[in-house]
Amino acid sequence: MAENGDEKLIAVARHIAKTLGRTETMTDDILQIFSTFDGRFSREKLSSENNNQRGVGVVEDGDPRAGYGVLDLTLKTLDRQISQYVSSDQPIWSNLNDSSEFLDAIDELLATIRDWEPISIENKAIASFLDRADDLLQQAMFRLEYEFRLLIEKSSDSFDLNRLNRSDSVGDNNNNFSSDSEDEDSFNEDRIPVAQPVSDYDIVIDALPSGVIADLHEIAKRMVLAGFEKECAHVYSSCRRDFLEESISRLGLQRLSIDEVQKMPWSELEDEIERWMKGANVALKILFPSERRICDRIFFGLSAAADLSFMEVCRGSTIQLLNFADAVAIGSRSPERLFKVLDVYETLRDLMPEFESVFNDQYCVVLRNEAATIWKRLGEAIRGIFMELENLIRRDPAKAAVPGGGLHPITRYVMNYLRAACGSRSTLEQVFEDNGSDYRTTDGMNDRPLSSTSSLSVQITWIMELLESNLEAKSKMYRDAALSSVFLMNNGRYIVQKVKDSELASLLGEDWLRKHSGKVRQCHVNYQRSSWSKVLAVLKLDSSSLTPNTAPRVLKDKVKIFTQYFDEICRSQSTWVVADEQLRMELRISVAGNLSPAYRNFLGRFQTVPELARNSDKYVRYSVEDIEARVNELFKGNGASAGGRK
C-alpha cells in the first residue's frame, strides 16, 4: 500500500512540474526543488515515463481531489495565457516572442487534454474540466485561423507574366512576382493587364516567403493536431484560391459559362481559344505545380491536409479551364471549326501528363478524370466535324453548271480543307484510332461503316469518294459531252495535284493516285472523242470516191464543212476553262498533234487538183499554222481566240 501511495504522489508531483514549467529547463528546475524536500521525489522517478503513465492511471483510485486541483490549476493558467492572445487587437505573428509563447500554450493545452482524456470517459468531473479545455482550445483555434489567414493575405501576390517576362531570372525572390505598383493601378483601375506569351515553362513561383511558409506550417500542425484539419484547409484554400484566380485572370482568360461560350460569335471564340491555350499551359505547367509545392511545404507531414487544401485551391480554376474546353467540344460541328477544335484537343492532350502528375492524390481524382473525359469528348467532336463535312459534300446542290467547265468551289474547298487538316495528321490518326467501332457514315439508304477501327486513311478515302460522286452528278448538268469531260478533267486534275503535294498522298496511297490519274487521262480521251472526232472524220479521204470528176466537188465540200466545224468548236471552246497550265498545254498539244497532220494531208491532196490549187485562197480559209495558232488560244475562258486568214 505504501508503495502504491508513493506512486500516486510522484504522479501528481510530476504533473504539477510539467504544468508549471514553461520550458524543459523550467520543468527540470521544479523537479530539482521537489527532490530537495523529499527523497522520494528524485529526479529519476519524477522524469520516468513509466511513472507518468502509471500515475495518470491511478489518480482516480486514490484521492481524486489532488487530480482535480492540478487540472483546474493547469486550465486556469492556460486560460490566462491563451486569452490574452485571443483578445489581442494586434497580430500575434508581428512579434516572434508572442507567436512562440502562444504556440507553446496551445501545445500545453493539447497535451493536457491528451493526458486527461482517458480518465474523463468514466469520470464526469474530469469530463467537465475537459469541456472547459475544449472551449479554450476552440477559441485558440479561431485565433490561429485568423492569424493563418492574415499571414497568407499579407504575403500573397498574384502572378503577373508581364513582370516575369521583364525579369532577368526567376528564383525564390518574391519581388519577381509582386503586383503592379500603386501608380500603375491608379492609372487604370479597371484594366487587368494581359500577359505576354511564355515560352519557358521551367519556372517555380514562390509566392510566399520562406519565413511565412515556416510560420504557416507551425500553425497548420497545431490545427490538424487539434482536429481542425478541414478548417485549416478551408482558410488556406480560400486565400490561395483568390491568388490563383487573379493570376489566371491576368492571362486574359474570362470566366465564361458553357452557355456563354456556345453563344459567342465564332470570330470572338477563335481569339478566346488562343488565350485559353496559353492560359491552360501556364496554369498546368507553372501555377498549379507551384501551388502544389507551396501547399506541400506548409502542410509538410500532413499529407491529407495538403491534398485537401490543394484540391480546394485549384478546383475552381481547373473547372473553369475544363468547362471552356467542354463548351468547345459540345458546340457546333461546322467544318470550319475543325482547326480550333484540334488546337484545344492537342493542348489538352499534351497537358494530360501534367494533370496526372499534379492532381495525383485521392481528392483530385475527379479533376483528373474530368480532364480525360473532356479530352475524349473533343475527339468525338472532331469525328463529328468530319461527318458534317461528309454531309456538306453529299448535300451540295447542283444549282448551276460552273461556266466553262472550270473548277467547282466544292472541289477547291474540300481539297484545301483536307490538306490543311492533314497538317495535324498525327493528331487525327490518334482521334480516329481511339474511335472504336461506333463511328459510321451513311450513303443514301445504305449504311457504310468506315471500319471497326476507322483509320484516318479510310476516312479520307471515303470523303474523296463522296466528292467524286458529287462531281460526277454535277458533270451531267452540261449538255455538251466534251464540256462535261473538261469539267471532270479540271476537277480531277486539281484533286490529284493537291493529293500529290501533301500528306494526302501517303494516306491515300500510290494505287489511289494511279487510279485517279488514269481517270483524268480517260476524261482527256473522252474530250478528244467528243470534240474533234467529227472534224477528223471530215478530213479523211476515200481514194475510191475521189475520181477526177468528183474530186473537186468532194474536196470543196469537205474543206467547207471542216471550216464550219472548226469555227464552231473554237468559238464555243474559247469560253471553256482549263485552269491548270500544264493540263492546258497538254490538251492543246494533243489536239494539234491529231489535227495538224490530218489537215496537212488534206491540204496536200487538195493542192493536187489543178482546179482547186489555182483558187485555193477562195476555198481554204486556214493554213496549218493558222489551225495550230487557234488551238493554242483555246481554254483561256475569255472568248478571245484569234481568227485565221480570211
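Buried means under 20% relative accessible area, exposed over 50%, and partly exposed in between (1.4 Å probe, protein chains only). The model is predicted: local features need pLDDT of at least 70, side-chain atom pairs count only at pLDDT 80 or more, and totals for chains, interfaces and linings use all residues. Residues are numbered from 1 along each chain as its sequence is written, and side-chain values use heavy atoms, with hydrogens and water left out.

**Exercise 1.** Classify the burial of Glu272 and Arg275, and describe the salt bridge between them.

Solution.
- A salt bridge puts a side-chain nitrogen of Lys or Arg within 4 Å of a carboxyl oxygen of Asp or Glu.
- The closest N and O atoms of Glu272 and Arg275 are 2.6 Å apart.
- Both residues lie in helix H13, three residues apart, about one turn of the helix.
- Glu272 has 2% relative accessibility, so Glu272 is buried.
- Arg275, at 30%, is partly exposed.

**Exercise 2.** Work out how helices H13 and H14 are oriented to each other.

Solution.
- Helices are DSSP runs (H or I, at least four residues), numbered from the N terminus.
- H13 covers residues 266-298 and H14 covers residues 303-329.
- Their axes are 11 Å apart, at an angle of about 170°.
- Angles over 145 degrees count as roughly antiparallel.
- H13 and H14 are therefore roughly antiparallel.
- Glu272 of H13 is among the contact residues.

**Exercise 3.** Characterise the salt bridge of Arg222 with Glu218.

Solution.
- The N to O distance is 2.5 Å.
- Arg222 is buried, at 11% relative accessibility.
- Glu218 is partly exposed, at 26%.
- Both belong to a salt-bridge network with Asp107 and Lys221.

Note on methods: Axes fitted to C-alpha atoms, helices over the stretch in contact; angles between N-to-C directions. Helix = DSSP H or I, 4+ residues; strand = E, 2+ residues; numbered from the N terminus. Parallel < 35°, antiparallel > 145°, perpendicular 65-115°, else oblique. Contact = heavy atoms within 4.5 Å.
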